[in-house]
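This report is meant for a reader who is meeting the structure for the first time. Please look at the sequence and the model together before reading on.

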Amino acid sequence: MTPEVYSIVKSTRRQRYILFHVVYTEGHRPLTQTELIQAIRQQTYDLFSKHIKDLGLWVVQFDGTTGILKCKNQEKERTRELLESLKMIGSTPATITTQSTSGTIRGLTNKTSKRRK
């Protein structure tokens with residue numbers, strides 16, 4: 001393989017994992033993962049006129065308040081912008097803040113455990 005072809009192939013496989021936290025207004029129940037995915041899908045189309053597949057978005061885990069979202073390496077900033085622009089998820093007012101970004105889930109958990117110490 002020539003160096004140019006190798007760099008193109010390698011760059012398409014790189015991804016980033018973004019740790020995020022959802023804060024709800026008082027009296028609202030936590031969201032389900034399905035509700036979050038629907039909101040992300042709609043916001044992606046509204047902001048960028050793209051589908052979540054184009055950004056390589058995948059909700060790795062979400063427990064109602066904290067989650068990990070996977071995206072393509074080149075789309076990291078757009079993904080952070082997308083998450084932070086969500087103000088209403090369905091009929092639930094919520095604020096999403098991104099906590100940390102890493103190339104691996106292990107690196108992400110290591111970063112967050114160091115912050116807590």
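## Aromatic pair and sheet

The count of aromatic pairs in this predicted model comes to 1. In that pair, the rings of F20 and F62 have their centres 5.9 Å apart and their planes at 20°, so the pair is stacked. The pair links distant parts of the chain, since F20 lies in strand β1 and F62 in strand β2, 42 residues apart. F20 has a relative accessibility of 0% and therefore counts as buried, and F62, at 12% relative accessibility, counts as buried too.

The chain that holds this pair has 117 residues, and buried residues make up 34% of them. Its secondary structure consists of 5 helices and 5 strands, and from the N terminus on these elements follow the order α-β-α-α-β-β-α-β-β-α. Among the contacts with a separation of 6 or more in the protein chain, 65% are between residues 24 or more positions apart. The accessible surface of the chain comes to about 7500 Å², and carbon and sulfur atoms account for 51% of that surface.

How are the strands arranged? An open sheet of 5 strands has the order β2-β3-β1-β5-β4, and its pairing is antiparallel. The edge strands are β2, residues 58–62, and β4, residues 88–89, each of which pairs on one side only. Helix α4, which spans residues 76–85, packs on the sheet and touches β1, β3 and β5, and its direction makes about 155° with that of β5. Helix α2, residues 33–48, lies across β1, β2, β3, β4 and β5, and runs at about 150° to β2.

Strand β1 deserves a closer look. Of its 10 residues, numbered 15–24, 7 are buried, so the strand is largely enclosed by the rest of the structure. Strand β1 is joined to strand β3, residues 66–72, by 7 bridges, and the two run antiparallel. Strand β1 also pairs with strand β5, residues 92–102, in the antiparallel sense over 8 bridges. Individual bridge partners are set out in the following table.

| Residue | Opposite residue | Strand of the opposite residue |
|---|---|---|
| L19 | I68 | β3 |
| I18 | L69 | β3 |
| I18 | T101 | β5 |

Residue I18 thus appears twice, with L69 as its bridge partner in β3 and with T101 standing opposite in β5.

Two further residues, one in a strand and one in a helix, can be considered in turn.

Is S102, a residue of strand β5, buried or exposed? Its relative accessibility is 11%, and S102 therefore counts as buried, the cut-off for that class being under 20%. The side chain of S102 reaches the backbone oxygen of T104 at 3.3 Å. When its neighbours within four places in sequence are left aside, S102 is in contact with Q15, R16 and Y17, as well as with G107, L108 and K111.

Residue I37 has its place in helix α2, the helix that lies across the strands β1, β2, β3, β4 and β5. At 26% relative accessibility, I37 counts as partly exposed, because that class covers values between the under 20% of buried residues and the over 50% of exposed ones. I37 and I52 are 15 residues apart in sequence, and their C-alpha atoms are 9.4 Å apart in space.

Key. Residues are numbered from 1 along each chain as its sequence is written. This is a predicted model: local features need pLDDT of at least 70, side-chain atom pairs count only at pLDDT 80 or more; totals for chains, interfaces and linings use all residues. Side-chain values use heavy atoms; hydrogens and water are left out. Buried means under 20% relative accessible area, exposed over 50%, partly exposed in between (1.4 Å probe, protein chains only). Helices (H or I, at least four residues) and strands (E, at least two) are DSSP runs, numbered from the N terminus. Two strands pair if DSSP finds at least two bridges between them. Contact means heavy atoms within 4.5 Å. Axes are lines fitted to C-alpha atoms, for helices over the stretch in contact, and angles run from 0 to 180 degrees between N-to-C directions. A polar contact is a pair of N or O atoms within 3.5 Å; within protein, one must be able to donate a hydrogen and the other to accept it, and residues adjacent in sequence count only if both atoms are side-chain atoms. Accessible areas come from the Shrake-Rupley method with a 1.4 Å probe; for residues, only the protein chains shown count as cover. Rings of Phe, Tyr and Trp (its six-membered ring) pair if their centres lie within 6.5 Å; planes under 30 degrees apart count as stacked, over 60 as edge-to-face and the rest as tilted.
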